[in-house]
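Let's take a walk through this small protein together, starting from a single side chain and working outward to the sheets. Keep the viewer open as you read.

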Amino acid sequence: MLNQDTEHPGEETYLDIFTWEGKPVKRLQLNALYLDGVLLNNMLYLKKYTDDDNLYMLPLNLLQIL
């Protein structure tokens, strides 16, 4: 789940990871403000809030959650 810092909206984006039962696993701070994200084949595709033309790819193995 992509979330923004509620104390500083529009400044930071976090990726919150949960189990299927809804228990939190990990919270990662991302390096930019992202609007959307899609998970497909162990790759997270992200769209920046200020960038309409590019998708940014983040392999899940880099997140050390697998």
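A residue counts as buried when its relative accessible area is under 20%, as exposed when that value is over 50%, and as partly exposed in between. Please keep in mind that you are looking at a predicted model.

**Starting at Thr-13**

Is Thr-13 buried or exposed? With a relative accessibility of 1%, Thr-13 is buried, because buried means under 20%. This threonine sits in strand β2.

What does the side chain of Thr-13 reach with its polar atoms? One partner is the backbone oxygen of Ala-32, which lies 3.3 Å from a polar atom of that side chain. Another is the backbone nitrogen of Tyr-34, at 2.9 Å from a polar atom of the Thr-13 side chain. If residues up to four places away in sequence are left out, Thr-13 touches Leu-2, Asn-3, Leu-28, Gln-29, Leu-30, Ala-32, Leu-33 and Tyr-34. In the sheet, Thr-13 of β2 stands opposite Gln-4.

**The sheet around β2**

Now zoom out a little. The chain has six strands and zero helices, so along the sequence its pattern reads β-β-β-β-β-β. Strand β2 belongs to an open sheet of three strands, ordered β1-β2-β3 and paired in the antiparallel sense. Strands β1 (2-4) and β3 are at the edges with a single partner strand each, so each has one side without a neighbour in the sheet. From one strand to the next, the twist averages 30 degrees.

Strands β1 and β2 run antiparallel and are joined by three bridges. On the other side, β2 (residues 13-18) pairs with β3 (residues 24-29) over five bridges, again antiparallel. The hairpin of β2 and β3 has five residues between the strands, and Gly-22 there takes a positive phi near 90 degrees.

Phe-18 also lies in β2, and it stands opposite Pro-24 in β3. Is Phe-18 buried or partly exposed? Phe-18 has a relative accessibility of 38% and therefore counts as partly exposed. Setting aside neighbours within four places in sequence, Phe-18 is in contact with Met-1, Lys-23, Pro-24 and Val-25. Met-1 is 17 residues away from Phe-18 along the chain, and the C-alpha atoms of the two are separated by 8.2 Å.

**The second sheet**

Which strands make up the other sheet? Strands β4, β5 and β6 form an open sheet of three strands, in the order β4-β5-β6 and with antiparallel pairing. Here β4 (34-40) and β6 (56-59) stand at the edges; each has a single partner strand, so one side of each lacks a neighbour in the sheet. The average twist between one strand and the next is 25 degrees. Six bridges hold the antiparallel pairing of β4 with β5, and Tyr-34 stands opposite Lys-48 in β5.

Tyr-34, whose backbone nitrogen is a polar partner of Thr-13, also takes part in an aromatic pair. How many aromatic pairs does the whole structure have? A search finds one. The pair is edge-to-face and consists of Tyr-34 and Tyr-56, with 6.4 Å from centre to centre and 70 degrees between the planes. It links distant parts of the chain, since Tyr-34 is in strand β4 and Tyr-56 is in strand β6, 22 residues apart.

Here are the accessibilities of the residues discussed so far.

| Residue | Relative accessibility | Class |
|---|---|---|
| Thr-13 | 1% | buried |
| Tyr-34 | 8% | buried |
| Tyr-56 | 27% | partly exposed |
| Phe-18 | 38% | partly exposed |

**The nonpolar core**

In soluble globular proteins, nonpolar side chains tend to be buried together. The largest nonpolar core in this model has nine residues: Leu-15, Ile-17, Leu-28, Leu-30, Ala-32, Tyr-34, Leu-44, Leu-46 and Leu-58. The elements giving two or more residues to this core are β2 and β5 (43-48). Two of the core members, Ala-32 and Tyr-34, are among the residues that Thr-13 touches.

**The chain as a whole**

Of the chain's 66 residues, 27% count as buried. Among contacts between residues at least 6 apart in sequence, 17% join residues at least 24 apart.

Methods: Residues numbered from 1 in each chain as written. Predicted model: local features only at pLDDT ≥ 70, side-chain atom pairs only at ≥ 80, totals over all residues. Heavy atoms only, no water. Pairing = 2+ DSSP bridges. Helix = DSSP H or I, 4+ residues; strand = E, 2+ residues; numbered from the N terminus. Buried < 20%, exposed > 50% of the residue type's maximum accessible area, 1.4 Å probe, protein only. Polar contact = N/O pair within 3.5 Å; in protein donor to acceptor, adjacent residues only side chain to side chain. Contact = heavy atoms within 4.5 Å. Core = buried A, V, L, I, M, F, W, Y, C linked by side-chain atoms within 4.5 Å. Axes fitted to C-alpha atoms, helices over the stretch in contact; angles between N-to-C directions. Phe/Tyr/Trp six-rings, centres within 6.5 Å; stacked < 30°, edge-to-face > 60°.
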